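User: Can you walk me through reading a structure like this one? I'd like the general idea each time, then the actual case.

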Amino acid sequence: MADHYLHLTSTATGRFLTRRLGLPQPQRLRRWTLESPTLDGPLLHLTAGESAISDKLRAILAKIGPEATDRTGHPAGIILDATGITTAAGLGQVHAALHPVVRSLAAGGRVVVIGTPPSPDDHHQAAAQQALEGFVRSLGKEIGKGATAQLLRIPPGAATSAESTLRFLLSPRSAYISGQVIELTDATPDPVADWAAPLSGRTALVTGAARGIGASVASVLARDGATVICLDIPQAEEELTRTAARLGATALPLDITAPDAADRIAAAAPEGLDILVHNAGITRDRRLANMPAERWASVIEVNLDSVLRTTDALLKAGVVNRGGRIVATASIAGIAGNNGQTNYAASKAGIIGLVRSLAPHAAADHGVTVNAVAPGFIETKMTAAVPLFIREAGRRMNSLSQGGLPVDVAETTAWFAQPASSAVNGQIVRVCGQSLLGA
Ligand code: NAD
């Protein structure tokens, strides 16, 4: 379903009219293309507080884009190292660093504040570092012009673990992500031979891949070099076969709730899996008072229970290789709740619980990371079926005033899936344009 309003505000007349009426002004987002894979301008490096940007961080940033040489231009990205802020008074340094330059950020630009995990033992440091979260979330809401703001927490001394994440956040691939807090571990990244094809040599399986977000995930993983197996229900086999053929992938018609699903997946991947994406999902909306038990049960079964079952079985059987990546699909409904979706929101909140609990154990026992995407309003068949008024509200009620595209979720999944993303573990990253709903 095309976003006609976004089209209207892309024209001079439409922009004039909607501005006069005080209506939202979405900026058309620039996403990754082969011809234009990076941001269109230099990166401004700033520091707040005592520390200066570490040499390790500077070396990574130098690989991502040229450094802005003065403060008078329009940087495409502003990176603020705020790891040295340990007191409430020190927060003034954040204001001092960003206040003079924030207005000059280019349209579609990126602000990335680098923080460090709040300390469980030093409540002054914890207050100061947690303060950065409120700061970044507010900046994301006010910055405008299709620009985004994120907080990246890096444990002390672990800057090298941040390369894949900084590359992602400071690129057009993260166009629809804003107001997020990502906390890295100090795990050493697996080496990347070629940043243009970071998934080459890796085998990925994507559930629900016949159409929508899953088809886009399969496509982006294949673009990044992975060998892909597309799984979907046997009833969708025709569409599944077409999607798989288009991507040079293998089709696996299989209902993920089947009792032998894990065995069938293992048989389809004799060399094991490096990337497992749980994307299949369904909605069966009704208010709780009107919801029959079957509608409740089917949503929990597809969206949560089958994810738990297959993950456990594939990890136990060693089908997910060491260095593997598991990516599950939550939803902002699982964070904020949604009228008529008690079953769906329960299943998606369950995914968040699964990810947070399993991630450290999967890393320690299997060398595997576990993360989730939490999409907001994404333009798919699922959201095209939403009634017009609610659909329009869903599209506009976020900092970027527009819906996301399946590719936005796919790019996030591909970043989680990279060998260099070993330090990204147990994270729930919302792909929602910073929806007004939820935290
Ligand atoms: P979609 O309905 O277009 O695609 C879902 C796919 O999953 C379909 O191809 C379907 O056949 C498949 N599937 C359903 N049950 C299955 C089963 N038992 N076994 C195997 N495959 C099965 O949906 P979408 O919009 O692409 O959503 C993909 C995921 O993203 C879902 O988990 C959904 O809950 C989540 N999500 C979507 C949005 C959105 O705005 N579209 C928002 C938040 C979360």
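Analyst: What follows goes through the ligand site, one helix, two residues in helices and two backbone oddities. This is a predicted model, where local features need pLDDT of at least 70 and side-chain atom pairs count only at pLDDT 80 or more, while totals for chains, interfaces and linings use all residues. Residues are numbered from 1 along each chain as its sequence is written, and side-chain values use heavy atoms, with hydrogens and water left out.

User: Which residues come nearest to the ligand?

Analyst: A residue is near a molecule if one of its heavy atoms lies within 4 Å of it. Here 27 residues surround the ligand, and Arg211, Ile213, Asp232, Asn279 and Tyr344 come nearest. By class, that shell has 14 nonpolar, 9 polar and 4 charged residues. Ala, Val, Leu, Ile, Met, Phe, Trp, Tyr, Cys and Pro count as nonpolar, Asp, Glu, Lys and Arg as charged, and the others, Gly among them, as polar.

User: What polar side-chain or backbone atoms lie close in distance to ligand atoms, and how many Å away?

Analyst: A polar contact is a pair of N or O atoms within 3.5 Å; within protein, one must be able to donate a hydrogen and the other to accept it, and residues adjacent in sequence count only if both atoms are side-chain atoms. Aspartate 255 puts a polar side-chain atom 2.8 Å from a ligand nitrogen. For ligand oxygens, a backbone N or O atom of isoleucine 378 lies 2.9 Å from one, and a side-chain N or O atom of threonine 380 is 3.0 Å from one. On its own the ligand exposes 830 Å², of which the protein buries 94%; such areas come from the Shrake-Rupley method with a 1.4 Å probe, and for residues only the protein chains shown count as cover.

User: Which residues of helix α8 are buried?

Analyst: Helices (H or I, at least four residues) and strands (E, at least two) are DSSP runs, numbered from the N terminus. Buried means under 20% relative accessible area, exposed over 50%, and partly exposed in between, with a 1.4 Å probe and protein chains only. In α8 (residues 237-247), Leu240, Thr243, Ala244 and Leu247 are buried. Seen down the axis, they fall within an arc of 95 degrees, so they line one face of the helix; the arc is that of the directions from the helix axis to the C-beta atoms. Glu238, Arg242, Ala245 and Arg246 are exposed on the other side. The cover over the buried residues includes α7, β7 and β8 (250-253), where contact means heavy atoms within 4.5 Å.

User: Is arginine 396 buried or exposed?

Analyst: Arginine 396, in helix α14 (residues 388-396), is buried at a relative accessible area of 13%. Its side chain has a polar contact of 2.6 Å with that of aspartate 3. Leaving aside neighbours within four places in sequence, arginine 396 contacts Asp3, Tyr5, Leu6, Pro24, Pro26, Ser401 and Gln402.

User: What is methionine 382 in contact with, beyond its sequence neighbours?

Analyst: Leaving aside neighbours within four places, methionine 382 contacts Gly281 and Thr283. Methionine 382 and threonine 283 are 99 residues apart in sequence, but 8.5 Å apart in space, C-alpha to C-alpha.

User: Which residues other than glycine have a positive phi?

Analyst: Most residues other than glycine have a negative phi. Lysine 145, among those with a positive value, has phi near 55 degrees and sits in the loop between α5 (123-142) and β4 (148-153). Serine 401 also has phi near 55 degrees, in the loop between α14 and α15 (406-417). Lysine 145 is partly exposed at 41% relative accessibility, whereas serine 401 is buried at 12%.
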